[in-house]
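Thanks for coming. I will take the two chains in turn and keep to what the coordinates give us.

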Amino acid sequence: MADLASRISKPEDAPAAADAGASTSAAETKIETAEPSNLVDNEYEVEIKLSDLQNDKENPLFSVSSFEELGLSKAINDGLLAMNFKKPSKIQERALPLMLSDPPRNMIAQSQSGTGKTAAFVLTVLSRVDLTKPTQPQALILAPSRELARQIQMVVQTVGQFCENLIVEAAIPGSISRETGVKSSVVVGTPGTVMDLVRRRQFDVSHLKVLVIDEADNMLDQQGMGEQCVRVKNMLPKTIQILLFSATFPDKVLQYAEKYAPNANQMKLKQQELTVKGISQMYMDCPAEKDKYDILCKLYGLMTIGSSVIFVRTRDSATEIQRRMEADGHKVSALHGAYEGASRDALLDDFRSGRSKVLITTNVLARGIDVSTVSMVINYDIPMKGPGDREPDAETYLHRIGRTGRFGRVGVSISFVYDRKSFDALSHIAEFYGIDLIQLSPDDWDFTEQKVQEVIKSSRAKADYAPNATSGSG
Amino acid sequence: MTGSSPAPRRSHQWSSPQRTQVLADLLNDDRNSETRHRHLLETAKKEHDRVREEAERVIIQHQKKEERQRLLEEKRKEENRIQLEEQIAAERLKLLALKEKKVEIPPAPPAQPQPEPAKQQPPANLALGGPTPPPAQQLSTTQPNGQAAQTPASAPPKPNPFVQVQPQPPLKPAVASPFAGANPANGTTPVQLTTTPTATPAAAPSAATVQAPPPSAQPTVDRYTVIHRNLKALRQSMKEQIKHNQALKARMGDMRREIVKSIGQLTNAGAGANQQQQERIRANMQEALENRMGCVLVDPGMFTFEPREPVQGAAHNEPQLPSLFFYLINIFAKGVIQQFIVEAGANPETADPIGVVVAIVFSDANLHWRGASFIDILMAKFRIVCPVLFGYRGNEKTEQGRAKLGWWKDNGHWIGEQAHMTRMMGLGSGFAAVALRNFGKSARVNPYPPRHYWVAMAKIVNTPSAEISNTQCLVLKAMIVNYEQKFIEFYGTAALAAMRTALIEFPARAPEKSAAVNSLEVVATLLRKDTGLVLG
């Protein structure tokens, strides 16, 4: 029966079925009649179908304008071109004019992972900074982790590589000289370190014009950091422009955010619009927990994978997975709380540069980290929260899988379930975001491979139908 | 064109005398002194003469080759025609026999099968699933003598190798020019091209000869698309084979996944980092060559750009090799292309280790046939996914234009602009990573010497201004970035001139100053900023 069904649907699919070389003759005649005969070829060409362009318009990465039209300076524009940014994404196109308008107004902006939030606020920061005062701090960007702060620092430097006299420093433990203090126009840091520097009078905040808080829901919600963020804000000039960014803004945090950044322009997403359609989300039904290692290694033959991130719950399992995967020929970085400062930086740098291609980590790196080559994310353990890890952590799930599918690329996420609890937790998360999770099983790898290929193919098509990133502002 | 078979000596001939330190020379203080200037002029003149002589020699050789190619192509066509006709005859006989049987069974409406004959034979070859023919028959003749027992002998005698499966629409009118079929470049509708080599069974042979001599300005017959089509047929054949060959089924999937995994594991973590992966890929291919699983043998000539004669001392000279071997090369090539798209599209630096492994695998003499590699299989894939590297052009705003440029379609829709651009960048970097390999210190022969890189770049930068597309700009940019040094090492000052053309003159004459066009100029700016190299 299935055979019959697939044959019936063939004609429509035929143009796309690259591998169906020997498809039915019906399909082929259809192509021949549908397209102009080769005899009159090349004389006139048919314009792209409207539907294809409309698909693009729905895409959070689509925009009508160019960066030049947004009024950015030539130096900044060249920086973007060098980074292969061709056109603004939707959030950049819509949020930038609001953020750059004068008098400056606060902004709370939400957009899916990998759609260019960082570039959006970096462009704002660079446009606001007066480069004739290179050592006077003028913009402060706060991020929840050391890694993320370094990453943002790098983005500011790269976008601004043609801006003369641009100095960017990271206010993270061990990076600002105790003797000189902060001597840069742009500062990217974690709240604790920034607070210390200000207290020690090593960071002159009197001329700060912009405060950006990345991963704002996380920063304002967490007990420790929420408090720190408020304290930092109280040390800054009252007129400062505050920009809050995140892919997720749970309701209760949003209320708080509105107090933190009063009278802000807002760009928000509905809950069902949060997932990035270009990411194929699947789950692997493992017979038992002990089988997970072997299944994990098998996954790497099923599809073409660039780099991958594996999220685990404990350091011990991270170490064990690392051992097994290295034996299988993988170059692995395992990064978790057991490592400190510089060695963490080195591990992540290896991964970024491609010297290692598998990153095993705990929740430390669930948010924000942008390594463009990541094409697969594994939830080796389903993310949980609350006392005794009882509750499924939907936000963390979303941020984790958002490490792939960056800026319109195709990505895959596979979550491992092996018992009732993990299965229920994952189902809850899937329901929360309205995701269709595809089941995979480790019994027949030929079959699983085929299934994975199909899922990837359909997600790639769906990437064009991704929802609008900016429904409503004001 | 890009096609001439890899000749060992060439890579040396084409490189300029001062291989290294060119960059340093250029930045030298006395670069503008008069003596040096004279000296350079002198050298340049000599070099010019040498290049010219060489070029003249090559063009004559090339013309001869083209002529030979044309004759061979014609011969191939004739053979195909004969085979097809034989096949039709056999099918018709079979059909007649069938019909007679059917008449004996009670209520057969005789009108039904009668008008079919012409239409029915070709589908008989296809993997339609079930209706009429036994599935294994397409492989029938290519079975190895010894292993015949492995595959069911149910097939009727048909003297065609399985390529014949493909050339299916014999009823189509002859195409005006074989090149007109270039629009299936996206690989989705390759059927149209198949007409070229098959020739129509009904039409007079003269029709076939009319279309044979292609317009000389265009690349000759697009052999790469033919290879690509043959590979599709090969994959289909493997699918059929594993239905009947348990040993093959048990192993083939694992081999495929091991190769895909190995390509994915490649890193730029320094020398020796990828040894395990190289060895795994090589071992799988070697195993396939030994053919312990008794898969069907096929004619390797189906996957080479040019026909080959036996070569003394070659590891393999036989007229047929195991289909599994080609299947694995095909998987390897496919995996490499995918890796370029997925990984190098995001981070161009990841292309290089892949290029190294490509060079190692295809320069391994044990995997050669009649003295040369099967890198044509990889190039056939490049030809389909990134046609601009081979001189194809198109307008991004039209359906046909996009198809010519290799803009991919998924489920009948063009993939998004961002996705397309990422693909093209990855493939551009990947092409450079494959084509700019230095075999100077190696005893092996470069399977894809740097002249192909030059040709590809020339084909892009020589595009008429009005036809310049963003796709070309991005491919060109990706080809150059990270490979400036290697390009200069191979071509010396000629490389600088080429880069000036590509990064300054080419974008300057583009009709529309899009971001893609501007980003070419930014590459020149970056070169000046980072290395001090001033191009124009």
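**Two chains, element by element**

I start at the end of a helix in chain B, where α16(B) is followed by B:N482, a residue with a positive phi, near 75°. Please keep in mind throughout that this is a predicted model.

Staying with that helix, α16 of chain B covers residues 470–480. How many of its 11 residues are buried? The count is 11 of the 11, so the helix is largely enclosed by the rest of the structure. The buried set includes polar-looking names you might pick out on the screen, among them B:N470, B:T471, B:Q472 and B:K477. B:L474, B:V475, B:L476 and B:I480 are buried too.

What covers these residues? The cover includes helices on the N-terminal side of α16(B) in the numbering, namely α13 (399–405), α14 (417–435) and α15 (451–461) of chain B. It also includes α17 (484–491), α18 (493–508) and α19 (515–531) of chain B.

Now the domains of chain B. The assignment gives domain 1 as 1–32 + 386–536, domain 2 as 33–123 + 184–211, and domain 3 as 222–375. Taken over C-alpha atoms, the centres of domain 1 and domain 3 of chain B are 26 Å apart. At their contact, 21 residues of domain 1 of chain B meet 21 residues of domain 3 of chain B. On the domain 1 side, α14(B) supplies the largest share, nine residues. That side of domain 1 of chain B divides into 10 nonpolar, eight polar and three charged residues. Note that α14(B) comes up twice, as part of the cover of α16(B) and in the contact with domain 3 of chain B.

On to chain A. Chain A has 474 residues, and 51% of them are buried. It contains 17 helices and 16 strands. Of the contacts in chain A between residues at least 6 apart in sequence, 76% join residues at least 24 apart.

The domain assignment of chain A gives domain 1 at 68–269 and domain 2 at 273–465. Their centres, over C-alpha atoms, are separated by 29 Å. In the contact, 21 residues of domain 1 of chain A face 20 residues of domain 2 of chain A. Which helix gives the largest share of the domain 1 side? It is α7 of chain A, residues 146–159, with five residues. By class, that side of domain 1 of chain A has seven nonpolar, nine polar and five charged residues.

Next, a sheet in chain A. It is an open sheet of seven strands with parallel pairing, in the order β10-β11-β9-β12-β15-β8-β16. The edges are β10 (332–335) and β16 (438–440) of chain A; each has a single partner strand, so one side of each is left without a neighbour in the sheet. On average, neighbouring strands of this sheet are turned by 20° against each other, direction ignored.

As a reminder, strands of a sheet pair through backbone hydrogen bonds. Starting at one edge, β10(A) pairs with β11 of chain A, residues 358–361, in the parallel sense over four bridges. There, A:L335 is opposite A:T361 in β11(A). Helix α14 of chain A, residues 341–353, lies across β9, β10 and β11 of chain A and runs at about 145° to β10(A).

Further along the order is β12(A), residues 374–379. Six of its six residues are buried, so the strand is largely enclosed by the rest of the structure. With β9(A), residues 307–311, β12(A) forms a parallel pair over five bridges, and A:V374 is the bridge partner of A:S307. With β15(A), residues 411–417, β12(A) forms a parallel pair over four bridges, and A:S413 is the bridge partner of A:V377.

Last item, a helix pair in chain A. α15(A), residues 394–401, and α16(A), residues 420–433, pack at about 80° with their axes 10 Å apart. That angle makes α15(A) roughly perpendicular to α16(A). From α15(A), the residues in the contact are A:A394, A:Y397 and A:L398; from α16(A), they are A:I429, A:F432 and A:Y433. By class, this contact has six nonpolar, no polar and no charged residues.

That is what I have; questions, please.

Key
Residues are numbered from 1 along each chain as its sequence is written. Chains are lettered from A and ligands numbered from 1 in the order in which they are written. This is a predicted model: local features need pLDDT of at least 70, side-chain atom pairs count only at pLDDT 80 or more; totals for chains, interfaces and linings use all residues. A residue is buried if 20 or more other C-beta atoms lie within 10 Å of its own, exposed if 12 or fewer, and partly exposed in between; C-beta atoms are placed from the backbone. Helices (H or I, at least four residues) and strands (E, at least two) are DSSP runs, numbered from the N terminus. Two residues are in contact if their C-beta atoms, placed from the backbone, lie within 7 Å. Axes are lines fitted to C-alpha atoms, for helices over the stretch in contact, and angles run from 0 to 180 degrees between N-to-C directions. Angles under 35 degrees count as roughly parallel, over 145 as roughly antiparallel, 65 to 115 as roughly perpendicular and the rest as oblique. Ala, Val, Leu, Ile, Met, Phe, Trp, Tyr, Cys and Pro count as nonpolar, Asp, Glu, Lys and Arg as charged, and the others, Gly among them, as polar. Two strands pair if DSSP finds at least two bridges between them. Domain bounds come from an automatic or database domain assignment.
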